[in-house]
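Here are my notes for your first reading of this structure, set out as numbered points. Please keep the structure open beside them as you go.

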Amino acid sequence: MKNELLISNVGRETRVAVLEGGLLRGYYVERGADRGQVGNIYLGRVTRVLPGIQAAFVEVGLPRAAFLYGGDVRQTPRTAPEGMKLPEGEKVDARRPIQETLFEGQKVVVQVAKDPIGTKGARITGYLSLPGRFLVFLPGVDHVGVSRRIADDEERERLRRMIESERRENEGYIVRTACEGRDAAALREDMEYLRRLWGHIQGRVDEAEGGTLIHEDLELGIRAIRDLMTDETEQVVVDDPNLFQRVRDFAQQFLPRLAPRVHLHEGIEPLFDQPAVETGLGRLMGRQVWLKSGGYIVIDQSEALVAIDVNSGRFVGSSTLEETTLQVNLEAVREIAHQLQLRDIGGIIVIDFIDMTDASHREEVYRALVDELAHDRARTTVLPISEFGLVEMTRKRVREDLVRYLSEPCLYCGGRGYTKSRATLCYEVLNALRRVALKQPSDWIEVRCHPEVAHLLVDAEQESLQEIEGRYGFRTHVEPVADIHIERFDVRACAPGEVPG
C-alpha cells in the first residue's frame with residue numbers, strides 16, 4: 001500500500017499529512033505561536049503542595065502552573081529547602097506522602113506529559129524520557145521494555161537481550177516499533193545519541209534557574225521523520241526549502257538508508273491541494289461522517305467525554321435485520337478507529353452501536369474494534385459491549401484534539417451548537433412585555449429584535465400580542481434590527497407623549 005508523508009510549512013504553521021493507499025490517515029499541525037510543550041524538560045520550582053490530593057503545583061515558565069501528581073515524583077534523594085532538615089541518612093521517597101517528598105521553593109527537573117487543555121495547566125512528571133529513532137531513553141530508571149506493537153515473541157526477546165547487553169547502570173530503555181529487525185549497531189548508535197543528549201541536558205540543569213526551559217522537543221517536521229517514517233514510507237515531500245534542508249539533514253544522520261526518499265516539492269500547486277487531503281480534512285471537521293454503505297456515525301465532544309453514535313442511515317441491507325445491523329456496525333468500527341487517530345481524540349469515549357440481539361455478533365464487533373485499535377499509536381483500553389450496545393473505552397490524551405485545535409467556539413451560539421428557536425424567543429419577548437408594562441405603565445412599548453423574531457411576533461403570534469396589549473393597556477412597536485444576535489432583544493417603555501418609530 002502506497003505510503004507518503006507530506007510536510008508543508010507556510011509562515012509559522014507546519015502541517016504534516018500521512019497518506020496510506022490514497023487516504024488521509026494522519027494529520028498534524030503546529031503553529032509557532034502555540035507550539036505544544038509535550039516532551040519539553042524544565043527546571044521547575046514547587047509553588048504549592050496539596051496533601052489533600054497528593055499533588056503539587058510547579059512553576060515552569062508557562063502561563064499556568066503545571067500539575068505534578070505524587071506518583072510522578074522521581075524516587076531520588078532531594079535536598080530540603082534552607083531551614084528544613086531531614087533525619088540523618090534518610091532519603092526523600094516519592095512513596096511517602098507528597099508533603100514529605102516535596103517542599104515549596106524546591107527545584108525539580110520535570111517533563112511535560114500533557115499539554116494544557118482547556119482551563120487546566122500542563123501535567124508534568126519527574127520520570128524523564130528522551131525519544132530517539134529506535135529507542136526511548138529513561139535516565140535513572142532500571143527498566144527495559146518493548147513496544148506492544150512488536151508481536152513476535154522471539155523478536156521481542158532478541159531486542160531485549162541486545163539492550164540488556166549494551167545498557168549501563170541507571171539506564172532504562174523502551175524499544176520502539178521502528179526497531180523491529182534492526183541489528184545491534186543501529187541500537188548502539190541510537191543509545192550513544194541519547195546519552196549525549198542527556199549529558200547536554202544535565203549540563204544545562206546545573207546552570208539554570210527555577211522555571212527555566214532546559215530541553216525542547218524537535219519541531220514537527222523533524223518529529224514526523226523520527227516517529228512516522230518507516231520502511232513502508234515510499235516518499236517524504238516537503239514544500240519549504242529551509243525545512244527540507246533540516247529534514248534531509250536529520251534523515252541523513254539518523255536514517256541514511258531512507259534519506260533518498262525525502263524530496264522537495266517543486267510543483268506549482270500547493271502540496272496539500274490534492275483530493276486525498278481535502279476529502280480527509282472535510283471528514284475530519286464534520287460532526288457527521290458517512291460510511292460507504294450509506295450508514296453514518298455522529299461524533300459529539302464535551303468537556304467530560306466523547307460520544308459516538310452509529311446509525312444505519314440510508315443502508316437497508318439485503319437479508320435480515322440482524323445481518324444488516326452487523327454489517328453497519330463492522331463498517332463503523334473501521335471508521336471510528338480511523339477518526340479517533342485522525343482527530344487525535346482522547347479521554348473517555350462512549351460508542352453507541354446499533355443494537356444487536358445476537359451475542360456472537362456483539363463479540364464480533366468488539367473484537368473487530370480491539371483489532372483496529374491495535375494499530376493506534378496511542379494507548380487504548382476497551383471494555384466489552386454492554387447489554388445496551390455501548391462500548392466504553394479510553395484513549396491516552398496528551399494534547400487537545402485536532403478539531404478543538406483547528407477551531408474555536410462559535411461566536412454566535414457560544415459553543416453550544418444550537419440557538420433558541422424563534423418561537424421560544426417570541427414568548428420571551430411577550431413575557432418581557434408583561435414585566436415592563438407592570439413596572440413602567442406606558443402608552444407605547446418598543447421592541448427591538450432580530451427580523452426573523454419580529455416577523456413571527458407580528459404574524460403567527462399577533463393574537464397573543466394583542467391579548468397582552470389589551471390586558472395591560474399599551475400598544476407595541478416592533479423594530480426589526482438586522483445586525484442584532486437572534487437571541488438578543490430590547491424591550492423598553494416609551495416616555496409620556498413619545499411615539500416610537
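1. A term is needed before anything else: two residues are said to be in contact, or to touch, when heavy atoms of theirs lie within 4.5 Å. With that in hand, and leaving aside residues up to four places away in sequence, E364 touches L326 and L330. Please also keep in mind throughout that this is a predicted model.

2. E364 belongs to helix α7, which covers residues 359–373. Although E364 and L330 are 34 residues apart along the chain, their C-alpha atoms are separated by 8.3 Å. E364 counts as partly exposed because its relative accessibility is 38%, and partly exposed residues are those between the 20% limit for buried and the 50% limit for exposed.

3. As for the whole protein, it contains 11 helices and 24 strands, and its C-alpha atoms fill a box of roughly 95 × 75 × 55 Å along the principal axes. The radius of gyration is 30 Å, whereas a compact globule of 501 residues would have one near 23 Å. Of the 501 residues, 45% are buried.

4. Contacts between residues with a separation of 6 or more deserve a word, since 67% of them in this protein are between residues 24 or more positions apart. The surface that the protein exposes comes to about 26700 Å², and carbon and sulfur atoms supply 49% of that area. The protein has 66 positive and 81 negative charges, and the mean positions of these two sets are 4 Å apart.

5. Which residues of helix α11 are buried? In this helix, formed by residues 462–472, they are L465, I468 and E469. Seen down the axis of α11, these buried residues fall within an arc of 100°, and so they line one face of the helix. The face turned away from that buried side carries exposed residues, namely E463, G470 and R471.

6. The surroundings of α11 can be described too, as its buried residues pack against α9 (422–439), α10 (451–458) and β23 (475–480). Just after α11 comes G473, a residue that takes a positive phi of about 70°.

7. Is T233 buried or exposed? T233 counts as buried, because its relative accessibility is 0%. This residue is found in the loop between α3 (220–228) and β14 (235–238), and, when residues up to four places away in sequence are not counted, T233 touches N3, L5, L228 and R261.

8. Two further loop residues call for a check of their backbone angles, and they can be read side by side. Q54, in the loop between β4 (41–50) and β5 (55–59), has a phi near 50°, which is a positive value in a residue other than glycine. D344, placed in the loop between α6 (321–343) and β19 (347–352), has a phi near 55°, again a positive value in a residue other than glycine. Q54 is partly exposed, with a relative accessible area of 28%, and D344 is partly exposed as well, with a relative accessible area of 24%.

Notes. Residues are numbered from 1 along each chain as its sequence is written. This is a predicted model: local features need pLDDT of at least 70, side-chain atom pairs count only at pLDDT 80 or more; totals for chains, interfaces and linings use all residues. Side-chain values use heavy atoms; hydrogens and water are left out. Buried means under 20% relative accessible area, exposed over 50%, partly exposed in between (1.4 Å probe, protein chains only). Helices (H or I, at least four residues) and strands (E, at least two) are DSSP runs, numbered from the N terminus. The arc is that of the directions from the helix axis to the C-beta atoms. The radius of gyration is taken over C-alpha atoms; the globule rule is 2.2 Å times the number of residues to the power 0.38. Accessible areas come from the Shrake-Rupley method with a 1.4 Å probe; for residues, only the protein chains shown count as cover. Lys and Arg count as positive and Asp and Glu as negative; His and the chain ends are not counted. The place of a charge is taken as NZ of Lys, CZ of Arg, CG of Asp or CD of Glu.
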